[in-house]
Amino acid sequence: MNACVRLTAMTVSGAELADLLEGRGFDFFAGVPCSLIEDLIAVLESHPRLPYVAAPREDVAVGLAAGAWFAGRRPAVLMQNSGLGTSLNALASLSLMYGLPALLLVTWRGHRGKDAPEHILTGEISPRLLELLKIPHRVLAADTLEADLAWAVETMDGLMQPVALLVPPGVVEIGKAGHRSAHPAASGAAPVEPPRASTLHPKLSRLDAIAAARKAIGREAVVHANGYMCRESFSLGDRRENFYMIGSMGLASAIGLGLAVTDRRSPTVVLDGDGNLLMNLGILPLAAALRPARFVHVVFDNEVYGSTGSQRSITGEVRLDRLAAAAGYRTVAAVTEAPAITEAVRRALASEGPHFVLAKVTTEEASVGRIPFTPHELRDRFRATVRA
């Protein structure tokens, strides 16, 4: 890395920007591409030290950044300003509520009303969206880039929240860096096909199924999906290694994946629900492509949205384990009984993944209270445990 980049022109190359970001400690990148920063992304795709994850959606990138921050990284999320709309809930009920620092590099399509029609309105309201979210932001310029990055680091670390740099057209050079595949070629054993029976008959409540899964878990980090599920797990006994999602439905898997790809030595378990996974199906091919060896994804499927009145989900007609197998998880299991759940999780923790375990459960809901910790308390103890 060249730590003394000199910027005298009105544009910065992708390589120079990557150097400056690395110099400020940014060491994890996730995002959805935009042509305004295509050269920066091209550099990151082949960078020997700076990992870049090509997320299927901007809110998934926000979740990945959260997991990376828990593992001790300083993350940046790359998105077009249209992605602000996609990621509003993730920013509001994950990054801002828990207080998770990250740099948002937001390209400003529709800047000054000059762009294709689909970008004009979003370009007009982008600064106001950030203001409504109370996210501190600046407009990036090549001649103030070093000062802007210094401000971003000081502000995000000081306030313990995301900050944004809006990137107008012409600030970052484009068309001068080549691209390569962001993911290495597939290797190792082929995914295991799930059972071919069309219907799984649940025998356990979700509470009992969670208890069975937890029997196989020792000191592993566990990210819980939001809703009754995380409250049921808490009722079985709290652990400092547990991160309980309060909001941001669908993002537990992204947080766990961000943690797993950042800290590849330690196992990460995600306890997910069918409704949560349906909101973020793009996580299945992303996990398969990244192939984190210590990633265990357990989905408790009761075929309803329990927290909102038990409305039906579509998983009575769709087998989530088959989707995971088709996506390319290394192993896939579908289980309905307590000993089988425990054994499936135990086997997954003992072998190279990623692994997917579908636990079909009944619609019975346990009467459990809310988790008595503030979002910041949950954040601080989980990060301290992960980094210990």
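Which residues of H9 are buried? In this predicted model, the buried residues of H9 are Met 229, Cys 230, Arg 231, Glu 232, Ser 233 and Phe 234.

**Helix H9 and its surroundings**

Six of the eight residues of H9 are buried, and the helix is therefore largely enclosed by the rest of the structure. The partners against which these buried residues pack are helix H8 (206–215), strand E7 (221–224), E8, strand E9 (268–273) and strand E10 (295–301). Just after H9, Gly 237 adopts a positive phi of about 130 degrees.

**Aromatic pairs and rings under arginine**

Over the whole structure, a search finds eight aromatic pairs. One of them joins Phe 234 and Phe 373 in an edge-to-face arrangement, with 6.1 Å from centre to centre and 80 degrees between the planes. Phe 234 belongs to helix H9 (residues 228–235), whereas Phe 373 sits in the loop between strand E14 (355–360) and helix H15 (375–387), so the pair ties together parts that are 139 residues apart in sequence. Phe 373 has 28% relative accessibility and so counts as partly exposed.

Another pair, between Phe 243 and Phe 382, is tilted: the centres are 5.4 Å apart and the planes stand at 35 degrees. This pair also links distant parts of the chain, with Phe 243 in strand E8 (residues 242–244) and Phe 382 in helix H15, 139 residues apart. Phe 243 is buried, at a relative accessible area of 0%, and Phe 382 is likewise buried, at 0%. Both residues belong to a cluster in which ring pairs link Trp 69, Phe 70, Tyr 98, Phe 243 and Phe 382.

Two arginines lie over ring faces. Arg 381 is placed over the face of Phe 373, 4.6 Å from the ring centre; Phe 373 is thus a member of the edge-to-face pair with Phe 234 and also a ring beneath an arginine. Arg 74 lies over the face of Phe 26, at 6.0 Å from the ring centre.

**Packing of H10 and H12**

Two packed helices are described by the angle between their axes and the distance between the axes. For helix H10 (residues 252–262) and helix H12 (residues 283–290), the angle is about 10 degrees and the axes are 11 Å apart. Angles under 35 degrees count as roughly parallel, and H10 and H12 are therefore roughly parallel to each other. On the H10 side, the contact is made by Ser 253, Ala 254, Leu 257 and Val 261, and on the H12 side by Ile 283, Leu 286, Ala 287 and Leu 290. These contact residues divide into seven nonpolar, one polar and no charged. An α-helix has 3.6 residues a turn, so residues three or four places apart point the same way.

**Backbone features in loops**

A cis peptide bond, with omega of about 15 degrees, joins Gly 353 and Pro 354. Pro 354 is located in the loop between helix H14 (338–349) and E14. Two residues other than glycine with positive phi values are set out below.

| Residue | Phi | Loop | Relative accessibility |
|---|---|---|---|
| Arg 112 | near 60 degrees | between strand E4 (102–107) and helix H6 (117–132) | 70% |
| Met 160 | near 55 degrees | between helix H7 (145–159) and strand E6 (162–167) | 26% |

Arg 112, at 70% relative accessibility, counts as exposed, while Met 160, at 26%, is partly exposed.

Definitions and conventions
Residues are numbered from 1 along each chain as its sequence is written. This is a predicted model: local features need pLDDT of at least 70, side-chain atom pairs count only at pLDDT 80 or more; totals for chains, interfaces and linings use all residues. Side-chain values use heavy atoms; hydrogens and water are left out. Axes are lines fitted to C-alpha atoms, for helices over the stretch in contact, and angles run from 0 to 180 degrees between N-to-C directions. Helices (H or I, at least four residues) and strands (E, at least two) are DSSP runs, numbered from the N terminus. Angles under 35 degrees count as roughly parallel, over 145 as roughly antiparallel, 65 to 115 as roughly perpendicular and the rest as oblique. Contact means heavy atoms within 4.5 Å. Ala, Val, Leu, Ile, Met, Phe, Trp, Tyr, Cys and Pro count as nonpolar, Asp, Glu, Lys and Arg as charged, and the others, Gly among them, as polar. Rings of Phe, Tyr and Trp (its six-membered ring) pair if their centres lie within 6.5 Å; planes under 30 degrees apart count as stacked, over 60 as edge-to-face and the rest as tilted. Buried means under 20% relative accessible area, exposed over 50%, partly exposed in between (1.4 Å probe, protein chains only). A charge sits over a ring if NZ of Lys or CZ of Arg is within 6 Å of the ring centre and within 35 degrees of the ring normal.
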